[in-house]
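The following exercises concern a single protein chain. Each consists of a task and a solution worked in steps.

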Amino acid sequence: NMYTVCEQYIKPLTKAAGSMSWALLRNPEGMQCDLFVTHAWIEGVFEFLDKALGSWPLGMTACYVCIFSNPQNLDIGELIQTPRTSPFALCLESASHMLVVPNCHGSIYSRLWCVYEAWLACEMDKIILTATPYS
């Protein structure tokens, strides 16, 4: 699942590079987010990729996915104390679309952050799409 990907791949790789996010490691200048992806972390990486890539909206160029966009080796507790000014909310604000990636293990809305992100996307009048697999 995505927890395992984070622990065994993202964290060691980004720690060795200075503990930045995987996204900044790949794109040091950053990128403007036009697609916000919300997911539950319990899905397998192949399920996540199949659905996210299979449902990628035309014209979108860069996305925010917390596992890749947040610095996973750092304690971001201070950054999320006020949810409306959190990195999640700021990236969602800059995006035109939200892509919800459900999984075969449980409801994405069993995670409070996913509920908050969905509510905030509605409040911000974002276009909300539900990802489906290629096949």
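In what follows, Lys and Arg count as positive and Asp and Glu as negative, while His and the chain ends are left out of the count. The model is predicted.

**Exercise 1. Charge and surface**

Task: Determine how far apart the mean positions of the positive and negative charges of the chain are, and state how much area the chain exposes.

Solution.
1. By this convention the chain carries 7 positive and 12 negative charges.
2. The mean positions of these two sets are separated by 5 Å.
3. The exposed area is about 7,600 Å², of which carbon and sulfur atoms supply 60%.

**Exercise 2. Fold and overall dimensions**

Task: Describe the order of helices and strands along the sequence, and assess the chain against the globule rule.

Solution.
1. The chain contains six helices and four strands.
2. From start to end of the sequence, they are arranged as α-α-β-α-β-α-α-β-α-β.
3. The radius of gyration is 14 Å, close to the 14 Å that the globule rule gives for 135 residues, so the chain is as compact as a globular protein of that length.
4. The C-alpha trace spans about 35 × 35 × 30 Å along its principal axes.
5. Of the 135 residues, 40% are buried.
6. Among contacts with a separation of 6 or more, 78% join residues 24 or more positions apart.

**Exercise 3. The cysteines**

Task: Establish how many disulfides the model has, and characterise the surroundings of Cys-104 and Cys-114.

Solution.
1. A disulfide requires two cysteine sulfur atoms within 2.5 Å.
2. Under this rule the count is zero.
3. For Cys-104, the nearest cysteine sulfur belongs to Cys-114 and is 15 Å away.
4. Cys-104 counts as exposed because its relative accessibility is 61%.
5. For Cys-114, the nearest cysteine sulfur is that of Cys-66, at 7.4 Å.
6. Cys-114 has 0% relative accessibility and therefore counts as buried.
7. Cys-114 is part of helix 6. Leaving aside residues up to four places away in sequence, Cys-114 touches Thr-38, His-39, Ala-40, Ile-108 and Tyr-109.

**Exercise 4. Positive phi values**

Task: Locate Ser-19 and Asp-125, give the phi of Ser-19 and of Asp-125, and decide whether Ser-19 is buried or exposed.

Solution.
1. Most residues other than glycine have a negative phi.
2. Ser-19, a residue other than glycine, has a positive phi near 70 degrees. Ser-19 sits in the loop that joins helix 1 (2-16) to helix 2 (22-26).
3. With a relative accessibility of 17%, Ser-19 counts as buried, since the cut-off for that class is under 20%.
4. Asp-125 likewise has a positive phi, near 60 degrees. Its loop lies between helix 6 (112-123) and strand 4 (127-130).
5. Asp-125 counts as exposed, at 69% relative accessibility, the cut-off being over 50%.
6. Asp-125 and Cys-114 are 11 residues apart in sequence, and their C-alpha atoms are 16 Å apart in space.

**Exercise 5. The surroundings of Ala-131**

Task: Decide whether Ala-131 is buried or exposed, and name the residues that Ala-131 touches.

Solution.
1. Ala-131 belongs to the segment after strand 4.
2. The relative accessible area of Ala-131 is 3%, so this residue is buried.
3. Not counting residues up to four places away in sequence, Ala-131 touches Lys-51, Ser-55, Leu-99, Val-100, Val-101 and Pro-102.
4. Pro-102 is 29 residues from Ala-131 along the chain, and their C-alpha atoms are separated by 6.9 Å.

Methods. Residues numbered from 1 in each chain as written. Predicted model: local features only at pLDDT ≥ 70, side-chain atom pairs only at ≥ 80, totals over all residues. Heavy atoms only, no water. Buried < 20%, exposed > 50% of the residue type's maximum accessible area, 1.4 Å probe, protein only. Helix = DSSP H or I, 4+ residues; strand = E, 2+ residues; numbered from the N terminus. Rg over C-alpha atoms; globule rule 2.2 N^0.38 Å. Contact = heavy atoms within 4.5 Å. Areas by Shrake-Rupley, 256 points an atom, 1.4 Å probe, with all protein chains shown as cover. Charge placed at Lys NZ, Arg CZ, Asp CG, Glu CD.
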